[in-house]
Amino acid sequence: LEEEVGRLTETVIALRGKIKYKRLKKRKLKDKITDLRHENTLLVSETEHEVASLRAENSRLRRAYANLQAENDEEMGRLKDENSRLGSDNTRLAQEAAKAKRCARVSREMAEIKARNQQKV
């Protein structure tokens with residue numbers, strides 16, 4: 001009987017050790033879960049901050065793009081007006097050049113006629 005009691009006592013001691021070990025392991029796991037939850041909360045907060053920052057940057061870039069687009073449209077309008085004006089100037093200068101050529105031709109012809117008339121005289 002004493003032998004049985006001794007064996008049972010050893011079993012009880014071993015089981016108590018296992019229970020202690022399991023409780024310790026369980027406590028460590030709970031602590032690990034708490035740490036991971038805390039880390040997760042920090043990561044979520046950091047991510048939300050980063051998303052907000054990226055959204056703000058995106059809005060800023062969209063505004064800048066819209067401003068540049070407006071400036072570009074304004075510049076294009078100005079250049080079209082200038083191009084149109086230059087086209088009109090070009091047409092006018094071409095007409096003046098044609099007129100000058102006609103005048104030069106007429107002057108030459110007049111000089112030739114004068115020269116012939118003087119030869120006749």
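**Exercise 1. The exposed surface**

Task: In this predicted model, find how much area the chain exposes and what share of it carbon and sulfur atoms supply.

Solution:
- Step 1. Start with the total: the chain exposes about 11,800 Å².
- Step 2. Now take the share: carbon and sulfur atoms supply 56% of that area.
- Step 3. Turn to burial. Buried residues make up 0% of the 121 residues in the chain.

**Exercise 2. The overall form**

Task: What radius of gyration does the chain have, and what would a compact globule of 121 residues have?

Solution:
- Step 1. Look at the secondary structure: the chain has 1 helix and 0 strands.
- Step 2. Place that helix along the chain: helix H1 covers residues 2-120.
- Step 3. Set the two radii side by side. For a compact globule of 121 residues the value would be near 14 Å, but the chain has 51 Å.
- Step 4. Check with a box. Along the principal axes, the C-alpha atoms fill roughly 170 × 25 × 10 Å.

**Exercise 3. Distances along the helix**

Task: How many Å separate the C-alpha atoms of Thr-91 and Leu-79, and how many separate those of Arg-62 and Leu-86?

Solution:
- Step 1. Begin with Thr-91, which is found in helix H1. Its C-alpha atom is separated by 18 Å from that of Leu-79, 12 residues apart along the chain.
- Step 2. Go on to Arg-62, which also lies in helix H1. The C-alpha atoms of Arg-62 and Leu-86 are 24 residues apart along the chain and separated by 35 Å.
- Step 3. Sort the two residues by accessibility. Thr-91 has a relative accessible area of 45%, so Thr-91 is partly exposed. Arg-62 counts as exposed because its relative accessibility is 57%, and the cut-off for exposed is over 50%.

**Exercise 4. Charges**

Task: How many positive and how many negative side chains does the chain have, and how far apart are the centres of the two sets?

Solution:
- Step 1. Count each kind: there are 29 positive and 21 negative side chains.
- Step 2. Locate the centres of the two sets: they lie 5 Å apart.
- Step 3. Count the contacts between opposite charges: the structure holds 7 salt bridges.

**Exercise 5. Following salt bridges**

Task: Which residues form salt bridges with Arg-78, and which residue forms one with Glu-109?

Solution:
- Step 1. Take the partner before Arg-78. The side chains of Glu-75 and Arg-78 meet in a salt bridge, at 2.6 Å from N to O. Both lie in helix H1, 3 residues apart, which is about one turn of the helix.
- Step 2. Take the other partner. Arg-78 also forms a salt bridge with Glu-82, where the closest N and O atoms are 3.1 Å apart. These two residues of helix H1 are 4 residues apart, again about one turn.
- Step 3. Ask how open these residues are. Glu-75 has 35% relative accessibility and so counts as partly exposed. Arg-78, at 42%, is partly exposed, and so is Glu-82, at 31%.
- Step 4. Move to Glu-109. Its salt-bridge partner is Arg-105, with the closest N and O atoms 3.4 Å apart. Glu-109 and Arg-105 are 4 residues apart in helix H1, about one turn of the helix. Glu-109 is partly exposed at 36%, and Arg-105 is partly exposed at 39%.
- Step 5. Join the bridges that share partners: Glu-75, Arg-78 and Glu-82 form one network.

Methods
Residues are numbered from 1 along each chain as its sequence is written. This is a predicted model: local features need pLDDT of at least 70, side-chain atom pairs count only at pLDDT 80 or more; totals for chains, interfaces and linings use all residues. Side-chain values use heavy atoms; hydrogens and water are left out. The radius of gyration is taken over C-alpha atoms; the globule rule is 2.2 Å times the number of residues to the power 0.38. Buried means under 20% relative accessible area, exposed over 50%, partly exposed in between (1.4 Å probe, protein chains only). Accessible areas come from the Shrake-Rupley method with a 1.4 Å probe; for residues, only the protein chains shown count as cover. Lys and Arg count as positive and Asp and Glu as negative; His and the chain ends are not counted. The place of a charge is taken as NZ of Lys, CZ of Arg, CG of Asp or CD of Glu. A salt bridge is a side-chain nitrogen of Lys or Arg within 4 Å of a carboxyl oxygen of Asp or Glu.
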